[in-house]
Amino acid sequence: MTPHRTTPPDAAGATARTIRAAALPAAAALLLALCAPAPAAARPADSARPLPARMADTGGGGQLITARARTPRDTTGTVTWWERRNGRWWRAGWAPARFGAGGLTEGRTRVQGTSTTPTGLYDLPFAFGLAPAPPGTTVPYRRAGADTWWCEDNASASYNRWVSPLPADCAAAESERLADYPTQYAHALVTGFNYHRPVHGRGAGIFLHVQGKGATAGCVSVPAGAMARILSWVRPSRHPHLALGTAHGPTALTRY
């Protein structure tokens with residue numbers, strides 16, 4: 001008699017045989033898994049591609065600035081500047097951005113006086129500022145003075161134009177004297193929104209400029225340091241453009 005054995009000999013043998021039998025299917029499954037061909041590599045998610053690569057149009061140049069808000073109602077977002085090298089788009093920098101107090105709206109149907117930022121793809125005709133151009137600036141740069149204005153009078157022949165001095169047919173109350181905004185207009189880039197063939201009533205004076213205290217009247221603004229870096233980075237020979245839009249929906253950046 002063996003006082004310390006608690007399992008009969010026949011039961012112990014049966015248990016061992018049961019364990020070995022149960023292990024066989026598991027081992028076979030493991031062997032099949034190891035021998036099975038590897039699945040095809042999944043295609044990278046579309047969102048993993050650089051934003052310019054997902055856009056319908058980037059203007060055809062080698063530089064692009066994107067200004068994106070989450071929704072049309074947002075007044076904040078991100079400005080990113082990109083450059084194309086060896087057939088690929090690379091991010092050159094980014095900064096937090098502010099948009100119009102009225103949010104964003106489709107540029108082709110925008111109405112003046114709504115404080116909305118017009119979505120779309122625009123060229124960058126020239127830069128200006130009350131301060132000297134940042135070192136390295138090659139984009140045409142106009143120095144603003146005490147009597148420099150941006151005419152926004154719909155009745156004027158100079159509608160949506162830099163003027164100095166203010167023309168007789170352009171009412172001061174309907175325009176911006178640039179010197180009145182020393183912070184915002186220390187440095188700025190003019191956008192091509194409604195610029196080349198102005199439609200009166202659609203809007204005037206839409207710039208990329210230095211941030212003030214809050215949302216804009218329709219422009220896009222970034223911190224002063226970022227604005228200076230952008231001006232030093234932009235190269236007219238690379239045909240830069242600015243794309244304005246949202247992350248999704250009818251005004252999504254990828255539509256432009």
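Trainee: What pLDDT does the chain average?
Mentor: This is a predicted model. Of its residues, 82% score at least 70. The chain average is a pLDDT of 87.

Trainee: Where does pLDDT stay under 50?
Mentor: Look toward the start of the chain. For one stretch, the model has one contact beyond four places in sequence, and that stretch is residues 1–24. For the other, the model also has one contact beyond four places in sequence. That second stretch is residues 26–46.

Trainee: How many helices and strands does the chain have?
Mentor: Count each kind along the chain. The helices number two. The strands number 14.

Trainee: What percentage of the residues count as buried?
Mentor: Buried means under 20% relative accessible area. The chain has 256 residues to sort by that cut-off. The share that counts as buried is 41%.

Trainee: Which element gives the most to the largest nonpolar core?
Mentor: The core has 28 residues, and Ile65, Val79 and Leu189 have the most contacts inside it. Elements giving two or more residues include β1 (63–69), β2 (76–85) and α2 (224–233). With five residues, the element that gives the most is α2.

Trainee: Which residues of α2 (224–233) does isoleucine 65 contact?
Mentor: Leave aside neighbours within four places in sequence. The partners of isoleucine 65 then include Val79, Leu124 and Leu189. Within 224–233, the span of α2, the partners are Ile230 and Trp233.

Trainee: How many residues does the other core have?
Mentor: This core lies apart from the largest one. Among its members are Trp150, Leu178, Val190 and Phe207. Its residue count is 14.

Conventions. Residues are numbered from 1 along each chain as its sequence is written. This is a predicted model: local features need pLDDT of at least 70, side-chain atom pairs count only at pLDDT 80 or more; totals for chains, interfaces and linings use all residues. Side-chain values use heavy atoms; hydrogens and water are left out. Helices (H or I, at least four residues) and strands (E, at least two) are DSSP runs, numbered from the N terminus. Buried means under 20% relative accessible area, exposed over 50%, partly exposed in between (1.4 Å probe, protein chains only). A nonpolar core is a set of buried Ala, Val, Leu, Ile, Met, Phe, Trp, Tyr and Cys residues joined through side-chain atoms within 4.5 Å. Contact means heavy atoms within 4.5 Å. pLDDT is the predictor's confidence in each residue, from 0 to 100.
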